[in-house]
Amino acid sequence: MSCILHIETSTNVCSVAVSHDGECIYHKEDFSGPNHASTLGGYVDEAISFTDSHAIPFDAVAVSCGPGSYTGLRIGVSLAKGVCYGRQLKLISVPTLDLMCVPLLLGEKVPEDALLCPMLDARRMEVYAEIVDRGLRKVRGIEAEVINEDSYKEYLEKGKVCFFGNGSDKCKEVIKHENAIFLPDVYPLAKYMMPLAERKYFNEEFEDVAYFEPFYLKDFVALKPKNQLKKD
């Protein structure tokens with residue numbers, strides 16, 4: 001099995017966790033943020049000290065790769081790279097929107113036939129979102145979109161769709177379809193990264209530590225709503 005340090009900083013919440021042999025053996029979260037610059041280093045030091053005190057060597061570092069806060073992702077990825085360089089560890093990237101689905105799939109809040117739509121807040125009525133099924137298979141890939149009353153209508157007409165994440169709050173008064181389910185208090189947290197990170201670890205899906213960048217700029221133009229592309 002593997003021992004993985006998990007780092008999540010894509011939103012205002014800062015969190016760190018350690019998984020070993022398929023279990024989360026350490027986790028810590030700060031919901032008072034954004035305080036990543038002052039909080040994350042201490043959390044990582046505590047996680048490393050905890051693991052070293054139990055003589056458990058790390059095999060990899062997993063970091064949330066976005067989409068998300070530019071500053072938060074930069075801080076998280078930079079620290080993850082530093083640990084990888086310092087300890088000669090593999091780097092694993094975990095998509096933030098997929099990560100947000102994990103706690104729902106582990107619980108009982110989601111109807112069996114429902115689609116999942118994790119949302120991250122952007123500006124005004126804009127969100128980053130994707131649509132996946134309960135197996136995290138992509139029904140629709142990540143898009144940056146401006147929400148209106150017709151958003152997701154093609155999916156809602158076919159069945160239940162669960163909306164969650166900090167981008168979903170502002171959509172409640174706009175998306176009024178009877179098949180729309182809004183789930184509160186769903187955050188991307190490091191303690192939920194384990195199943196996604198371990199799958200990548202055993203499939204040897206590692207990132208190049210020197211060149212890896214999170215998803216906040218390189219694909220942004222491709223995801224911007226068409227009406228914004230015309231104005232820019």
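Helices are DSSP runs of H or I with at least four residues, numbered from the N terminus, and Arg-74 is found in one of them, helix H2. The model described here is predicted. This briefing covers its nonpolar cores, helices H2 and H5, the largest pocket and a residue of strand E8.

**Nonpolar cores**

- The largest nonpolar core has 29 residues, and within this core Ile-92, Val-94 and Phe-164 touch the most other members.
- Two or more residues of this core come from each of strand E4 (60-64), strand E5 (90-94), helix H3 (96-106), strand E6 (115-121), strand E7 (126-132), strand E9 (161-164) and helix H5 (194-202).
- The greatest contribution to this core is that of H3, with 6 residues.
- With neighbours within four places in sequence left aside, the contacts of Ile-92 are Ile-4, Ala-60, Val-61, Ala-62, Val-63, Ala-197, Lys-200, Tyr-201, Phe-206 and Glu-207.
- A second core, separate and made up of 25 residues, includes Cys-14, Ala-47, Phe-58 and Cys-84.

**Helix H2**

- Helix H2 (residues 70-87) has 18 residues and, at 1.5 Å a residue, should span 26 Å; this agrees with the 26 Å between its end C-alpha atoms.
- Gly-72, Leu-73, Gly-76, Val-77, Ala-80, Lys-81, Val-83 and Cys-84 are the buried residues of H2.
- Because these buried residues cover an arc of only 160° around the axis, they lie on the same side of H2.
- Thr-71, Tyr-85 and Gly-86 are exposed on the other side of H2.
- The cover over the buried residues of H2 includes strand E1 (3-8), helix H1 (36-53), E4 and E5.
- Arg-74, also in H2, has a relative accessibility of 38% and therefore counts as partly exposed, since that class lies between the cut-offs of 20% and 50%.
- Between the C-alpha atoms of Arg-74 and Cys-14 the separation is 13 Å, although the two residues are 60 residues apart along the chain.
- Gln-88, just after H2, takes a positive phi of about 55°.

**Helix H5**

- The buried residues of H5 are Met-194, Leu-196, Ala-197, Glu-198, Lys-200 and Tyr-201.
- These buried residues pack against E1, E2, strand E3 (23-30), E4, E5 and H3.
- Ala-197, Lys-200 and Tyr-201, which are buried in H5, are among the contacts of Ile-92.
- Glu-204, just after H5, takes a positive phi of about 55°.

**Largest pocket**

- The space in the largest pocket is about 560 Å³.
- This pocket is lined by 31 residues, of which Ser-10, Thr-11, Leu-120, Asp-121 and Asn-166 are the closest to its centre.
- E6 and E7 are the elements that give two or more residues to the lining.
- Thr-11 is placed in the loop between E1 and strand E2 (14-20).
- Thr-11 has a relative accessible area of 9% and so is buried, the cut-off being under 20%.
- With residues up to four places away in sequence not counted, Thr-11 touches His-36, Leu-120, Asn-166 and Pro-188.
- Leu-120 and Asn-166, both touched by Thr-11, are also among the residues closest to the centre of the pocket.

**Strand E8**

- Ile-142 has its place in strand E8 (residues 138-146).
- The relative accessibility of Ile-142 is 25%, so this residue counts as partly exposed.
- Ile-142 is 61 residues from Lys-81 in sequence, and their C-alpha atoms are 25 Å apart in space.
- Lys-81 is one of the buried residues of H2.

Notes:
Residues numbered from 1 in each chain as written. Predicted model: local features only at pLDDT ≥ 70, side-chain atom pairs only at ≥ 80, totals over all residues. Heavy atoms only, no water. Core = buried A, V, L, I, M, F, W, Y, C linked by side-chain atoms within 4.5 Å. Buried < 20%, exposed > 50% of the residue type's maximum accessible area, 1.4 Å probe, protein only. Contact = heavy atoms within 4.5 Å. Expected span 1.5 Å × (residues − 1). Arc of directions from axis to C-beta. 1 Å grid on protein atoms, 1.4 Å probe; cavity = no way out; pocket = protein on both sides within 12 Å on 5 of 7 lines; lining within 4 Å. Points joined across faces, edges and corners; volume = space filled by probe spheres on them.
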